[in-house]
Amino acid sequence: MVVPLKPLRRAKSRLGPDADASQRPLLALAFAQDTVAAALATEGVRDVVVVTDDAEAGAALAALGALVVPDSPGAGLNAALAHGARAVALRRPGAPLAALNADLPALRPAELAVVLRRAAAFPRAFLPDAAGIGTTLLAAGPGAELRPAFGGLSRLRHAAGGAAEIPVAGADSVRQDVDTAADLRAAVALGLGPHTARVYAALAPLLSP
């Protein structure tokens, strides 16, 4: 499993003005911690590789058990994912692979396991986000290239690139990424992971209504 994470100081800009510049990094790190912890607890996931240049985030996620590699391409999200995929291939040649967003604070291991089992039926497969526009997970089977095309209208790009769309029933927590305050409220309704729950409880009185 590859999880990309941009430097915390630049993360979650679309949460503004609901969360200010001091709050957004705290939330972004908590989202990533809950995402990584849930992924590591998921049946069938052997490793989680986090691609990031953020030292604070890297240390926190390594403490959870993730393998942290630097974003040496420094060329954006998809280049980071391709770099992480190469790291996984070196570590476990021929293993299936999945890329997962770092902002899934309600992620449940049981739901992620179901999604991964569904994805295993195809050489490449993806799960659309809750908005039905983007992608939260892209999987590649043994011997298949990941070929990530995340960002913006990635649902259309992944489908056009030949990846199969995974059925979404029972996968709400795997689809609910957080870019906006409305997304965060939807994640709260699903049930936040412990790291985000703590940060959210501390920040909730300060967040814009």
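**Salt bridges and pockets in a predicted model**

Colleague: How many salt bridges does the count come to?

Modeller: This is a predicted model, and side-chain atom pairs count only at pLDDT 80 or more. A pair needs a side-chain nitrogen of Lys or Arg within 4 Å of a carboxyl oxygen of Asp or Glu. By that rule, the number of salt bridges is eight.

Colleague: Which side chain does aspartate 103 meet in a salt bridge?

Modeller: Aspartate 103 sits in the loop between β4 and α4. Its partner lies in the loop between β1 and α1, 91 residues apart from it. The N to O distance is 2.7 Å. The partner is lysine 12.

Colleague: Is lysine 12 buried or exposed?

Modeller: Buried means under 20% relative accessible area. Lysine 12 has a relative accessible area of 15%. That value is under the cut-off, so lysine 12 is buried.

Colleague: And aspartate 103, buried or exposed?

Modeller: The relative accessibility of aspartate 103 is 8%. The cut-off is again under 20%. Therefore aspartate 103 counts as buried.

Colleague: Which aspartate in the loop between α6 and α7 pairs with lysine 12?

Modeller: This salt bridge has an N to O distance of 3.2 Å. It links distant parts of the chain, 167 residues apart. At 23% relative accessibility, the acidic partner counts as partly exposed. That partner is aspartate 179.

Colleague: Which residues are linked with Lys12 in a network of salt bridges?

Modeller: Two pairs are already on the table: lysine 12 with aspartate 103, and lysine 12 with aspartate 179. The network also takes in an arginine, Arg14. Linked with Lys12 are therefore Arg14, Asp103 and Asp179.

Colleague: What is the phi of lysine 12?

Modeller: Lysine 12 is in the loop between β1 (2–4) and α1. Its phi is positive, although the residue is other than glycine. The value is near 60 degrees.

Colleague: Which residues lie closest to the centre of the largest pocket?

Modeller: The largest pocket has a volume of about 960 Å³. It is lined by 38 residues. Lys12, Asp103 and Asp179 of the salt-bridge network are among those closest to the centre. The full set is Lys6, Lys12, Leu77, Asp103 and Asp179.

Colleague: Which elements give two or more residues to the lining of the largest pocket?

Modeller: By class, this lining has 15 nonpolar, 12 polar and 11 charged residues. The elements that give two or more of the lining residues are α1 (24–40) and α3 (77–91).

Colleague: Which element gives the largest share of the lining of the second largest pocket?

Modeller: The second largest pocket has a volume of about 460 Å³. Its lining has 15 nonpolar, two polar and five charged residues. β4 (97–100), α4 (109–119) and β6 each supply at least two. The largest share, four residues, comes from α4.

Colleague: Which residue in helix α3 pairs with aspartate 47?

Modeller: Aspartate 47 lies in the loop between α1 and β2 (49–51), 44 residues apart from its partner. Aspartate 47 is buried at 14% relative accessibility, whereas the partner is partly exposed at 45%. The side chains meet at 3.2 Å, N to O. The residue in α3 is arginine 91.

Colleague: Which residues make the nonpolar surface patch of about 300 Å²?

Modeller: One member is found in the loop between β5 (124–128) and β6 (135–140). Patch residues need over 30% relative accessible area. Isoleucine 133 passes because its value is 41%. The patch is made by Ile133, Leu153 and Leu156.

Key
Residues numbered from 1 in each chain as written. Predicted model: local features only at pLDDT ≥ 70, side-chain atom pairs only at ≥ 80, totals over all residues. Heavy atoms only, no water. Patch = residues over 30% accessible without salt bridge, like charges linked within 9 Å, V, L, I, M, F, W, Y side chains within 5 Å. Areas by Shrake-Rupley, 256 points an atom, 1.4 Å probe, with all protein chains shown as cover. Buried < 20%, exposed > 50% of the residue type's maximum accessible area, 1.4 Å probe, protein only. 1 Å grid on protein atoms, 1.4 Å probe; cavity = no way out; pocket = protein on both sides within 12 Å on 5 of 7 lines; lining within 4 Å. Points joined across faces, edges and corners; volume = space filled by probe spheres on them. Nonpolar A, V, L, I, M, F, W, Y, C, P; charged D, E, K, R; others polar.
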